[in-house]
Amino acid sequence: MSTPLKQIHLAAHFPGVNNTTVWSDPEAGSHIEFSSFAHFARTAERAKFDFLFLAEGLRLREQGGRIYDLDVVGRPDTFTVLSALAAVTERLGLTGTINSTFNEPYEVARQFASLDHLSGGRAAWNVVTSWDAFTGENFRRGGFLPQDQRYSRAKEFLATATELFDSWRGDEIVADQASGTFLDDARAGAFAHRGQHFDIAGQFNVPRSPQGRPVIFQAGDSEEGREFAAAGADAIFSRYSTLKEGQAFYTDVKGRLARHGRTHDQLLILPAATFVLGDTDAEARELAHEVRRQQVSGATAIKHLEFVWNRDLSAYDPDGPLPDIDPDPGEHTVARGRAQVRMYRDPLAVAREWRELAEANKWSIRDLVIETGNRQSFIGSPATVAETINSFVQADASDGFILVPHITPGGLDVFADTVVPLLQERGVFRTEYEGTTLRDHLGLAHPATDTHPEQAAS
């Protein structure tokens, strides 16, 4: 008996603040006007995607104490955008990143429960932590938490929010106009949480939402992040773009589920994926080369090198050789809060490796940054890309992909029009939505509750 084909999950990430977006392309549009978000969401829904995803930036990126203006700057508030999108879509899931380090459980639970009501059960929360004091300066507490405390707070944050979601069973509102009875339980929404990070009690003022709780995403790749996802997330993002690396991550994370009393189908693994499509594979490769040079201008290449060198390199020619001076491994970085700072923990070793690569390949600074940076995940004709995506999912390297186009908002259109029909012909992607909630799209059970959490929160 042959094994049934796995169904592919597809989502779309509105890029926002990152190195993928080519905002200077003539086809690019606004990253803050609602029309861009609406176009993007409608394309994703037309293609029957599971959800749209918004990342979060809590502070403008800076370099050398100045705003880093080579990327798109800023992003409207996540809840505001997703709530507006709920009104112009009917089935598409609405996923937002909300930080657990600089927010409070009651506020976040109330916002997500409201979004789930407004959207008819399509809300999802990507739970993240913040690692740097740079971002913390924007908030009352300032500072930052060590990694173990960040995840300790995140775990209790999610547990507390879950208690708030579950403080309503879902059947308390009777709204009997004849008798004048609205609630049949005066204790509806009652909660009490006493813990290391949160000590709160009261009554949650948003009734149980259509999904019961929003779908929970997690993005951490550390040991703590993987364990956090295995314990309580519904889906985890992955940064692995090769088949072998994807399979290793898939096996590791899925293998952790059993000790938390969970099964393989209770956690989806969804890597982010960029793409370049052409009429032929050769044309797509040529286009991908052009896109990479758009993404990494000469100025961008110099700024990227400064992440590692921790010096002002503006006097260097991006089309020339790498600096002959060594990086400054000092504690104060020119790129505060940038994730790349954590990637290059040993800048002297990275510089040695890059010099060897540049010399062996006769690369300029810009060539090096292009060749060592993130590459497009899928490059080829629609048939090639459809085959590659399907092969990854069937080989358990992922359960699907979150697509990140380099042009916003129209960059998703060509994928929706050319690749999606081929996946549908293969029988591995839906032709119509079969349910109304995001949990339905993802094949996740709707959680039930029949207890008041304050009874078990002591």
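Biologist: Which residues does Leu10 touch, not counting those up to four places away in sequence?

Modeller: In this predicted model, Leu10 touches Phe49, Asp50, Phe51, Phe401, Phe415, Val420, Leu423 and Phe429. A contact here needs heavy atoms within 4.5 Å.

Biologist: What part does Leu10 play in the largest nonpolar core?

Modeller: That core has 75 residues, and Leu10 is among the members that touch the most others, along with Phe49, Phe112, Trp125, Phe401 and Phe415. Helix α5, residues 147–165, supplies the largest share of this core, 7 residues. A second, separate core has 16 residues, including Val296, Trp309, Leu313 and Leu368.

Biologist: What makes a set of residues a nonpolar core?

Modeller: The members must be buried, be of a listed kind such as Leu, Phe or Trp, and be joined through side-chain atoms within 4.5 Å. In soluble globular proteins, nonpolar side chains tend to be buried together.

Biologist: Why is Lys48 called buried?

Modeller: Its relative accessible area is 17%, and the limit for buried is under 20%. Lys48 is therefore buried. The residue lies in the loop between α1 (34–46) and β2 (51–54). Its phi is near 70°, a positive value in a residue other than glycine.

Biologist: Why is Ala87 called exposed?

Modeller: Exposed means over 50%, and Ala87 has a relative accessible area of 68%, so Ala87 counts as exposed. Its place is the loop between α2 (78–86) and β5 (93–99).

Biologist: What about Ala175: buried, exposed or partly exposed?

Modeller: Ala175 has a relative accessible area of 39%. This value falls between the 20% and 50% limits, so Ala175 is partly exposed. Ala175 is in strand β7, residues 173–176, and has a positive phi, near 45°. Its C-alpha atom is separated by 26 Å from that of Ala87, with the two residues 88 apart along the chain.

Biologist: How do you know that Asp396 and Lys6 form a salt bridge?

Modeller: Their closest N and O atoms are 2.9 Å apart, and the cut-off is 4 Å. The pair therefore counts as a salt bridge, one of 24 in the structure.

Biologist: What makes Arg46 and Asp417 a salt bridge, and which parts does the pair tie together?

Modeller: The N to O distance is 2.6 Å, within the 4 Å cut-off, so the pair qualifies. Arg46 lies in helix α1 and Asp417 in helix α14, so the pair ties together parts that are 371 residues apart in sequence. Arg46 is partly exposed at 43%, and Asp417 is partly exposed at 46%.

Biologist: How do you know that Arg259 and Glu227 meet in a salt bridge?

Modeller: The N to O distance is 3.0 Å, which is within 4 Å, so this pair also meets the definition. Arg259 is in the loop between α7 (243–255) and β13 (268–273), and Glu227 is in helix α6. Arg259 is exposed at 57%, whereas Glu227 counts as buried at 18%. Salt bridges that share partners join these two with Asp221, Glu223, Arg226, Arg239, Asp252 and Arg256 into one network.

Biologist: What kind of peptide bond runs from Thr408 to Pro409?

Modeller: The bond is cis, with omega near 5°. Pro409 is in the loop between β16 (400–403) and α14 (413–425).

Conventions. Residues are numbered from 1 along each chain as its sequence is written. This is a predicted model: local features need pLDDT of at least 70, side-chain atom pairs count only at pLDDT 80 or more; totals for chains, interfaces and linings use all residues. Side-chain values use heavy atoms; hydrogens and water are left out. Buried means under 20% relative accessible area, exposed over 50%, partly exposed in between (1.4 Å probe, protein chains only). Helices (H or I, at least four residues) and strands (E, at least two) are DSSP runs, numbered from the N terminus. A salt bridge is a side-chain nitrogen of Lys or Arg within 4 Å of a carboxyl oxygen of Asp or Glu.
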